[in-house]
Amino acid sequence: MALRQILEYPNPLLKKRAAAVDNIGGEVVSLIEDLAETMYAAPGVGLAATQVGVGQRVIVLDVRREDEAPGKRLLKLINPEVAEREGEVVWEEGCLSVPGLTAPVKRARRVLVRAWTPEEREVEVEAEELLAVALQHEIDHLDGRLFLDRLSRLKRDLYRARQRKLERQGRKSGSAHPLL
Ligand SMILES: [Zn+2]
């Protein structure tokens, strides 16, 4: 296992659409192990292969309560697809690839996601609230979309100005929200 470097906005690789995995071999399995390790170290609750510069449709998530040990709820999903979406929720999202910014994003409140596991099993994940938001956020990464792309232009411009200012000052602001 190895930690991978998390790419940050505006790295152009974050805008690339990832390709479907057509063979779940050792390479994909070790990519998933690296993604999980990198997500826990960040720390974050979700990470897509796109965020470490790998153009394959693989995501990991661990949305757990504070009193739960890491790992028990770890989801390793290959070729995830949203099969059903229902309702609407607005969640304050933050992203490991967009340091220092959180913003309210509108998503489906409940989703059903179909995917494959590293053990080559087909699975369905039914999710609500944070897990539903996280799944949609990570699948967006695989499509080359950041949560910034779901904000209004005004908010995006404000963010860019703020980020440039922080960079001039040589620092980044922190975030209290779970990062995806
Ligand atoms: Zn993200």
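**A working chat on a predicted zinc-bound model**

Colleague: Which residues does Ala48 touch, not counting residues up to four places away in sequence?

Modeller: In this predicted model, Ala48 touches Leu35, Val58, Ile59, Glu138, His141 and Leu142 once residues up to four places away in sequence are set aside.

Colleague: Where is Ala48 found, and is it buried or exposed?

Modeller: Ala48 is found in strand 1, residues 46-48. Its relative accessible area is 0%, so Ala48 is buried.

Colleague: How far apart are the C-alpha atoms of Ala48 and Lys106?

Modeller: They are separated by 20 Å, with the two positions 58 residues apart along the chain.

Colleague: You listed His141 among the residues that Ala48 touches. What are the protein donors of the zinc ion?

Modeller: His141 is one of them, through NE2. The others are Cys95 through SG, His137 through NE2 and Leu180 through O, and the donors lie 2.0 to 2.4 Å from the zinc ion.

Colleague: How are those donor residues spaced in sequence?

Modeller: The spacing is C-x41-H-x3-H-x38-L. His137 lies in helix 2 (residues 129-142) and Leu180 in the segment after helix 3 (153-168), so this pair ties together parts that are 43 residues apart in sequence.

Colleague: Are His137 and Leu180 buried or exposed?

Modeller: Both His137 and Leu180 are buried.

Colleague: Why is the site irregular, given its 4 donor atoms?

Modeller: The angles among the 4 donor atoms run from 97 to 138°. Four donors count as tetrahedral only if all angles lie between 85 and 135 degrees, and the upper end here is 138°, so the site is classed as irregular.

Colleague: Next, Phe147. Where is it found, and what is its relative accessibility?

Modeller: Phe147 is found in the loop between helix 2 and helix 3. With 1% relative accessibility, Phe147 counts as buried.

Colleague: Which residues is Phe147 in contact with, leaving aside neighbours within four places in sequence?

Modeller: Its contacts include two zinc donors, Cys95 and His137. Glu93, Gly94, Val98, Leu101, Thr102, Ala103, Val105 and Arg107 are also in contact with Phe147.

Colleague: Changing topic to the nonpolar core. Which residues touch the most other members in the largest one?

Modeller: Ile59, Leu61, Leu77, Val111 and Leu135 do, in a core of 23 residues. The elements that give two or more residues to this core are strand 2 (58-61), strand 6 (110-116), strand 7 (122-128) and helix 2. Helix 2 gives the most, with 7 residues.

Colleague: What is Leu61 in contact with, neighbours within four places aside?

Modeller: Leu61 is in contact with Met39, Val45, Gly46, Arg73, Leu74, Leu75, Leu77, Leu131, Ala134, Leu135 and Glu138. Apart from the largest core lies another of 17 residues, among them Leu31, Ile32, Met39 and Ile78.

Colleague: And the overall fold: how many helices and strands does the protein have?

Modeller: The protein has 3 helices and 7 strands, which run α-β-β-β-β-β-β-β-α-α from the N terminus.

Colleague: What is the radius of gyration?

Modeller: The protein has a value of 16 Å; a compact globule of 180 residues would have one near 16 Å, so the two agree. The C-alpha atoms fill a box of roughly 45 × 35 × 35 Å along the principal axes.

Colleague: What percentage of the residues count as buried?

Modeller: Of the 180 residues, 47% count as buried. About 9,700 Å² is exposed, and carbon and sulfur atoms supply 47% of that area.

Terms used:
Residues are numbered from 1 along each chain as its sequence is written. This is a predicted model: local features need pLDDT of at least 70, side-chain atom pairs count only at pLDDT 80 or more; totals for chains, interfaces and linings use all residues. Side-chain values use heavy atoms; hydrogens and water are left out. Donors are N, O and S atoms within 2.8 Å of the metal (3.2 Å for Na, K and Ca); water is not among the atoms, so sites may look incomplete. Four donors count as tetrahedral if all angles lie between 85 and 135 degrees; four count as square planar and six as octahedral if opposite donors are over 155 degrees apart and all others between 65 and 115; anything else is irregular. Helices (H or I, at least four residues) and strands (E, at least two) are DSSP runs, numbered from the N terminus. Buried means under 20% relative accessible area, exposed over 50%, partly exposed in between (1.4 Å probe, protein chains only). The radius of gyration is taken over C-alpha atoms; the globule rule is 2.2 Å times the number of residues to the power 0.38. Accessible areas come from the Shrake-Rupley method with a 1.4 Å probe; for residues, only the protein chains shown count as cover. A nonpolar core is a set of buried Ala, Val, Leu, Ile, Met, Phe, Trp, Tyr and Cys residues joined through side-chain atoms within 4.5 Å. Contact means heavy atoms within 4.5 Å.
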